[in-house]
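Reader: Could you take me on a close look at one part of this protein and how its surroundings meet it? I work with computed structures, so please spell out the cut-offs as you go.

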Amino acid sequence: MAGFRSLARQVRDPGCDTALRRYSLRKCLERFAPYGHRATWDHLCRRHRFGPEDRELDPGRLVAALDELEEARAVWLAYEEQFAARRRREKHDGLRGLGAVDDWHRRVWGGNGVVRCGDPAVHPSDPLPEVLRRLISALEDGPGERCPVCAGPRIEWRAGSVDAYEPWLGPVCGDCGVGVPRAVLTSGALARARGVVRRPLAPAA
Ligand SMILES: [Zn+2]
């Protein structure tokens, strides 16, 4: 299975045909997709103005999309490295980790689905590196009341299925659409969210 870097090289390779370069960009999202695969793809298509089936696609747009994705990945991996180093120090000092926070980090290790968007068409429009920097600040600052990405106050509890194999249930921002990691919400914000249970529309068969 090709890694992110070799796929990225293919996206930039002017010797490859454009369809293959687009395919390689899409494959990069199997390695790193902060909103989940489909929502991150939708974000890149909209932000860099290319369609999933665009025949006259300017490869420069694919490269710009890759630049954004790569920068976001570097931001996230640097955070993970720091997090792991801090945990090692804490263990060494005999401090126990916080189970739920550690579980969440394990689940999204590598950056896939850190702020998963259940509806692939509803996600923030800001650049991905900026979104991840805001999330990281929230993780470092400790629990708050609002969405870590858009600062919106409408946190709702939703049941859904991002991919057929990955059902989930949890807090979602009613403004920008991201799934909010529980670690960045206070128990009060979580309790309020649970009071606003909403089910998404049934997925198209
Ligand atoms: Zn939000």
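Author: Happy to; what follows is a walk along helix α4 and the parts around it. A word on the source: this is a predicted model, in which local features need pLDDT of at least 70, side-chain atom pairs count only at pLDDT 80 or more, and totals for chains, interfaces and linings use all residues. Residues are numbered from 1 along each chain as its sequence is written.

Let us set the scene with the whole protein. It has seven helices and three strands, where helices (H or I, at least four residues) and strands (E, at least two) are DSSP runs numbered from the N terminus. Along the sequence they follow the pattern α-α-α-α-α-α-β-β-α-β. Of the 205 residues, 29% are buried; a residue is buried if 20 or more other C-beta atoms, placed from the backbone, lie within 10 Å of its own, exposed if 12 or fewer, and partly exposed in between. Among contacts with a separation of 6 or more, 65% join residues 24 or more positions apart, a contact being two residues whose C-beta atoms, placed from the backbone, lie within 7 Å.

Now to α4 itself, which covers residues 59-92. Its 34 residues reach 49 Å from the first C-alpha to the last, close to the 50 Å expected at 1.5 Å a residue; that expected span is 1.5 Å times one less than the number of residues. Just after the helix, Gly94 takes a positive phi of about 80 degrees.

The buried residues of α4 are Leu62, Ala65, Leu66, Leu69, Ala72, Arg73 and Trp76. A general point helps in reading such a list: an α-helix has 3.6 residues a turn, so residues three or four places apart point the same way. The cover over these buried residues includes α1 (4-12), α2, α3 (37-47) and α6 (128-141).

One of these neighbours, α2 (residues 18-28), deserves a closer look. Its axis comes within 10 Å of that of α4, and the two cross at roughly 15 degrees. That makes α2 roughly parallel to α4, as angles under 35 degrees count as roughly parallel, over 145 as roughly antiparallel, 65 to 115 as roughly perpendicular and the rest as oblique. Here axes are lines fitted to C-alpha atoms, for helices over the stretch in contact, with angles running from 0 to 180 degrees between N-to-C directions. From α2 the contact draws on Thr18, Arg21, Arg22, Leu25 and Cys28, and from α4 on Pro59, Leu62, Ala65, Leu66 and Leu69. By type, these residues divide into seven nonpolar, one polar and two charged, with Ala, Val, Leu, Ile, Met, Phe, Trp, Tyr, Cys and Pro counted as nonpolar, Asp, Glu, Lys and Arg as charged, and the others, Gly among them, as polar.

Leu69 of α4 brings several of these threads together. It is buried because 25 other C-beta atoms lie within 10 Å. Not counting residues up to four places away in sequence, Leu69 touches Cys28, Phe32, Leu44 and Leu128. Its C-alpha atom is separated by 7.7 Å from that of Pro129, 60 residues apart along the chain.

To finish, consider the loop between α3 and α4, where Arg49 is found. Although Arg49 is not a glycine, its phi is positive, at about 55 degrees. This residue is exposed, with 12 other C-beta atoms within 10 Å.
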